[in-house]
Structure formats: structure tokens, C-alpha cells
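The questions below walk through a protein structure for someone who is meeting it here. Each answer works toward the value or name that was asked for.

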Amino acid sequence: MPYGPHAAGDRERMLEVLGIPDVEALFDDIPEALRAIRLDLPEPQPELELAARLQALAARNRTDLASFLGAGVYRHWTPPAVDQLLLRGEWYTAYTPYQPEISQGTLQSIYEYESLIGELMDLDVVSASHYDGAAATAEAALMTCRATRRERVLVSRAVHPHYRQTVAAYFGGGLEVDEIPLVSGGESAGTTDLAALERLLADSDRPVAGVLAGQPNFFGLLEPMAEIGRLAHAAGALFVAVVEPVSLAVLAPPGSYGADIAAGEGQPLGIAPQYGGPYLGLLASTDALVRQIPGRLVGMTTDVDGRRAFVMTLRAREQDIRRDKAASNICTNQALLALAASIATLGPHGLRDVAALGAVRAAELEHALATVGAPRLHPGPYLNEFAVRVPGARQVHRRLLDRGVLAGLALADIEPDDETLADALLVCATEVTTSDEIATFAAALDDILAGRPPVGVEAGAGAERPTAGAVSGR
């Protein structure tokens with residue numbers, strides 16, 4: 001039972017003053033379907049029995065799969081020193097550093113993180129303390145509205161679907177979100193349709209605050225970011241680049257092609273692909289927008305004795321405690337994850353090697369899959385992630401699990417209304433992907449597409465190459 005300092009008599013007196021019969025009446029404004037319910041937990045068990053039960057549950061997880069899943073969260077090798085340093089008590093238990101005189105270590109770690117990300121993004125200002133890439137992207141979209149005093153943003157449909165959903169949720173109070181369609185054919189298929197963007201920007205009755213595009217985009221393709229930014233600025237809008245941080249070691253940084261704001265997911269920088277997080281939202285901007293950026297900004301100064309000191313700056317504590325004064329109501333302290341990203345950033349050459357090796361492995365994967373009948377869905381350039389066309393992708397994905405392969409993401413699961421993605425898998429490779437894993441994936445896919453059963457299983461009736469209509473499951 002949770003501890004509460006108030007006795008039953010205390011609670012009754014408070015309810016009487018409030019004029020309500022019970023505590024549940026405080027939640028009458030929340031629809032009943034949305035209210036929390038009591039967890040259906042089993043009866044308590046002795047620690048020995050409980051440990052055995054948890055071990056049995058954990059054993060149900062598949063840890064033996066050759067994984068080609070990315071879609072916003074990526075496997076990378078993390079030096080063991082990262083986790084060991086994060087376990088130190090002075091980092092692990094640190095809270096929001098409101099008192100700089102006792103928080104210099106925490107403040108310096110945030111300062112170093114913001115300096116590193118600023119260099120990676122080629123932008124002036126970086127803030128900390130955003131939950132994840134989706135939240136940071138939504139905050140970036142809100143920044144454009146505050147800075148321009150306009151109420152409409154355009155988001156490319158090639159931005160991660162979860163990010164688009166989060167932006168729409170943030171804008172549900174009256175701001176507008178329109179999606180920019182994608183090119184449907186030719187060399188630019190799967191990227192933002194620049195002609196459609198021009199038309200959307202031309203609506204003078206509904207001026208645009210910001211344009212959001214991903215690099216690489218959700219399908220792993222490289223977007224014409226400089227041209228998107230040029231069109232946005234010509235219409236008086238701000239340009240937001242939604243980026244993947246490791247890619248910036250080999251791709252142009254947002255600042256170089258005129259992005260006003262950059263947002264993204266920091267998980268690839270030293271954070272394991274954990275189910276649901278915690279992750280790390282990256283958010284950076286130009287100096288001109290420093291008063292609009294939410295989160296924690298840490299600066300370096302000197303104290304009264306002339307010694308170097310670090311402090312939170314350019315933000316009032318109202319950011320945390322007064323909703324009407326805040327640039328954002330999200331004020332969690334993500335400093336531990338920011339520290340992980342700082343430690344794991346391997347310097348300009350190490351990070352470039354990680355990105356380049358991932359690209360090499362992806363090219364090897366593309367060739368292997370194309371050889372067995374799974375060509376790329378889009379012809380444009382990519383870095384380390386791409387979509388392939390596979391008849392009956394959903395069913396094939398499930399069957400590959402039985403053969404020890406996690407074949408990326410069946411795009412129909414995340415974009416069910418897009419018929420062009422009904423028979424496509426989104427796959428990726430990183431520096432930890434091996435040639436043996438690629439060979440295993442290609443051989444297993446070849447067997448399935450050819451109708452050959454797994455080793456040790458006799459072929460049954462109808463073991464033939466599937467067609468989209470036969471096994472797509474749509």
C-alpha cells in the first residue's frame with residue numbers, strides 16, 4: 001500500500017471543505033473510459049518464487065534473432081565504460097540542477113553534451129531534457145509557431161509516422177498540421193514532393209509557420225533538404241530538419257543547408273534499443289530562436305572568485321512550475337541519457353567510421369536481398385536503411401521469425417492505409433550487422449519465396465512462391 005501522511009479523519013475533513021463525497025469526485029471531468037484502473041496483479045509471492053517466475057517470463061523473449069529492425073531505433077556497439085559510468089551514484093541519482101553551487105558536475109555534463117550536439121548539428125543552441133525524438137520534433141514545430149506567430153505547419157509524410165502523430169497530438173488545441181505528399185514514382189519516389197510543397201506554401205489565407213522534413217527520411221532515403229529549406233524560407237516559414245545523429249558524421253549537418261531548427265532521436269548515441277525507452281530527444285536551433293527553445297540550457301561563466309562555473313541560463317524556473325509562463329510543459333531531467341550520448345560519441349573519426357561501416361553493410365544487404373527476389377522499393381540514394389518489395393510481406397515477416405530472422409518492419413503494420421506499402425519490408429544494417437547474418441536472412445527469404453520448407457520439415461501442399469494477393473493478409 002502506498003504511504004500517505006493523512007489519516008482517514010484528515011481526508012474526511014478535506015472532502016467536507018471541498019464539498020464532495022469522495023476522492024473519485026475530483027476526477028469527474030475525465031471521461032470514465034480514460035481513467036486509470038487498478039492493475040490486475042497476482043497475489044504476493046516469496047522473493048525466491050517471484051524471481052523464478054520473472055526468469056521464466058524473461059526466457060520468453062527472443063534474443064537469438066538476426067535483427068534488421070531500425071525504423072527510428074538502431075543497434076550500435078556501445079563501449080562498456082558507458083554503462084559503468086552511468087551507474088555511478090553522482091550521475092545516477094542527480095536531480096534537476098537548480099542549485100549550481102552543489103551541481104557543478106551535472107551542469108558540466110549537460111554543457112559538454114550541448115556543445116557536442118551543437119557541433120554535430122552545426123547549430124548555435126542545443127537544449128537538454130526532452131523525452132525522445134517524437135517529443136523534440138513536436139516541440140520544434142511549436143517553436144516555429146511561437147517565432148512566426150502563425151498557426152500552421154507542414155510535415156512531410158516521409159517523417160516517422162510516430163513523430164507525425166505526436167505533432168498532431170500537440171497541435172490538437174487549435175493549431176493546424178498539414179502533411180506534404182511524397183513523390184509516387186521515378187528516381188525521387190518516396191521523398192517529399194517539392195511541387196506539392198510549393199502549392200501548400202502558396203496558400204496566403206493560411207500562412208505556414210514551419211516545414212518539417214526528415215534526413216534520412218523514414219524510408220531511409222536522402223531528401224533534397226537545401227531545396228526544401230529554400231522553399232520554406234521563401235514563404236516566410238522556418239525549416240525544421242528531423243535528423244538521425246550518427247548519419248551526421250557523413251551527411252551534411254542541418255546548419256549547413258539552412259535549417260533553423262533540428263530535432264531527432266538521440267538513442268543511437270550510446271543508448272540501448274530498450275522497449276519504450278528511456279530515450280533522448282535532440283533539439284537545436286539558431287541563435288535567433290534561443291528564446292523560443294524549451295528545455296535546459298547550460299552556460300559557462302565565472303564565479304565571484306573568477307573560477308570557471310556552469311549554470312542554467314536564459315530560462316526562468318517558470319518553465320517548470322507555471323504553465324502559463326512556460327515555453328514547454330515537459331521539464332523532465334534527461335541528463336543521464338545525455339551523459340551516455342556524450343561519453344559514447346566517438347569523436348569525428350570514430351563516428352564517421354560507424355556511419356560508413358553501416359552504409360557498407362547496408363549495400364551488402366541490398367545486394368543479397370535483390371539476388372533472392374526482394375528488390376528495393378525506392379530507387380533513390382540511402383545511407384543504411386531502405387525498403388524492399390516482398391510479396392506478402394506481413395506473412396513472410398512472421399515466417400522469418402521462425403527461421404531466426406527479425407526482418408525489419410512490415411510497413412503495412414505502421415502505414416496500413418497506404419496500399420503502395422502493402423508488400424514492403426523496411427530493413428536496416430549498422431556496424432554490428434555481420435555478413436553471416438545477412439547471408440542467413442537472404443537464404444531464409446529465398447527458401448520462403450521459393451516455397452521450400454525449413455530444414456527438417458517436409459514440404460506440404462501448396463509450397464510455392466507466394467503472391468501479394470495470396471498471402472498479403474490485407
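Q: Is aspartate 10 buried, partly exposed or exposed?
A: In this predicted model, the relative accessible area of aspartate 10 comes to 25%. Buried would require a value under 20%, and exposed a value over 50%. Aspartate 10 falls between these limits, so it counts as partly exposed.

Q: Which residue forms a salt bridge with aspartate 10?
A: Aspartate 10 lies in helix α1, and its partner lies in that helix too, three residues apart from it, which is about one turn of the helix. The closest N and O atoms of the pair are 2.5 Å apart, and a salt bridge asks for a side-chain nitrogen within 4 Å of a carboxyl oxygen. The partner of aspartate 10 is arginine 13.

Q: How many salt bridges does the count come to?
A: A pair is counted when a side-chain nitrogen of Lys or Arg is within 4 Å of a carboxyl oxygen of Asp or Glu. The pair of aspartate 10 and arginine 13, with 2.5 Å between the closest N and O atoms, is one such salt bridge. By this rule the count comes to 19.

Q: How many residues apart are arginine 152 and aspartate 178?
A: The side chains of arginine 152 and aspartate 178 meet in a salt bridge, with 2.8 Å from N to O. This pair links distant parts of the chain, since arginine 152 belongs to strand β3 (residues 152-156) and aspartate 178 to strand β4 (residues 176-180). Both residues are buried, and their separation along the chain is 26 residues.

Q: Which residues are joined into one network with Arg206 by salt bridges that share partners?
A: Arginine 206 forms a salt bridge with aspartate 203, and the closest N and O atoms of this pair are 3.5 Å apart. Arginine 206 is partly exposed at a relative accessible area of 28%, and aspartate 203 is partly exposed at 26%. Through salt bridges that share partners, Arg206 is joined into one network with Arg152, Glu176, Asp178 and Asp203.

Q: Is leucine 107 buried or exposed?
A: Leucine 107 is found in helix α5, which covers residues 104-121. Leaving aside residues up to four places away in sequence, leucine 107 touches Pro97, Pro100, Val298, Phe310, Val311 and Met312. Its relative accessible area is 0%, and since a value under 20% is what the term requires, leucine 107 is buried.

Q: What is the distance in space, C-alpha to C-alpha, between leucine 107 and leucine 297?
A: Along the sequence, leucine 107 and leucine 297 are 190 residues apart. Leucine 107 also touches Val298, one of its contacts beyond four places in sequence. From C-alpha to C-alpha, leucine 107 and leucine 297 are apart in space by 9.5 Å.

Q: What area does the nonpolar surface patch that includes Leu18 have?
A: Leucine 18 has its place in helix α1, and its relative accessible area of 54% makes it exposed, because that value is over 50%. The patch is made by Leu18 together with Val23, Leu26, Phe27, Ile30 and Leu34. Its area is about 580 Å².

Q: Which residues form a negative surface patch with Asp22?
A: Aspartate 22 is placed in the loop between α1 (8-18) and α2 (47-58). At 35% relative accessibility, aspartate 22 counts as partly exposed. The residues that form a negative surface patch with Asp22 are Glu24, Asp28 and Asp29.

Q: What is the omega of the peptide bond from glutamine 215 to proline 216?
A: Proline 216 lies in the loop between β5 (210-215) and α9 (225-234). The peptide bond that leads from glutamine 215 to proline 216 is cis, with omega near -10°.

Q: What value does the phi of serine 129 have?
A: Serine 129 sits in the loop between β2 (125-127) and α6 (133-148), where it is buried at a relative accessible area of 1%. Although serine 129 is not a glycine, its phi is positive, at about 80°.

Note on methods: Residues are numbered from 1 along each chain as its sequence is written. This is a predicted model: local features need pLDDT of at least 70, side-chain atom pairs count only at pLDDT 80 or more; totals for chains, interfaces and linings use all residues. Side-chain values use heavy atoms; hydrogens and water are left out. Helices (H or I, at least four residues) and strands (E, at least two) are DSSP runs, numbered from the N terminus. Buried means under 20% relative accessible area, exposed over 50%, partly exposed in between (1.4 Å probe, protein chains only). Contact means heavy atoms within 4.5 Å. Patches are made of residues with over 30% relative accessible area and no salt bridge: like charges are joined within 9 Å, nonpolar side chains (Val, Leu, Ile, Met, Phe, Trp, Tyr) within 5 Å. Accessible areas come from the Shrake-Rupley method with a 1.4 Å probe; for residues, only the protein chains shown count as cover. Lys and Arg count as positive and Asp and Glu as negative; His and the chain ends are not counted. The place of a charge is taken as NZ of Lys, CZ of Arg, CG of Asp or CD of Glu.
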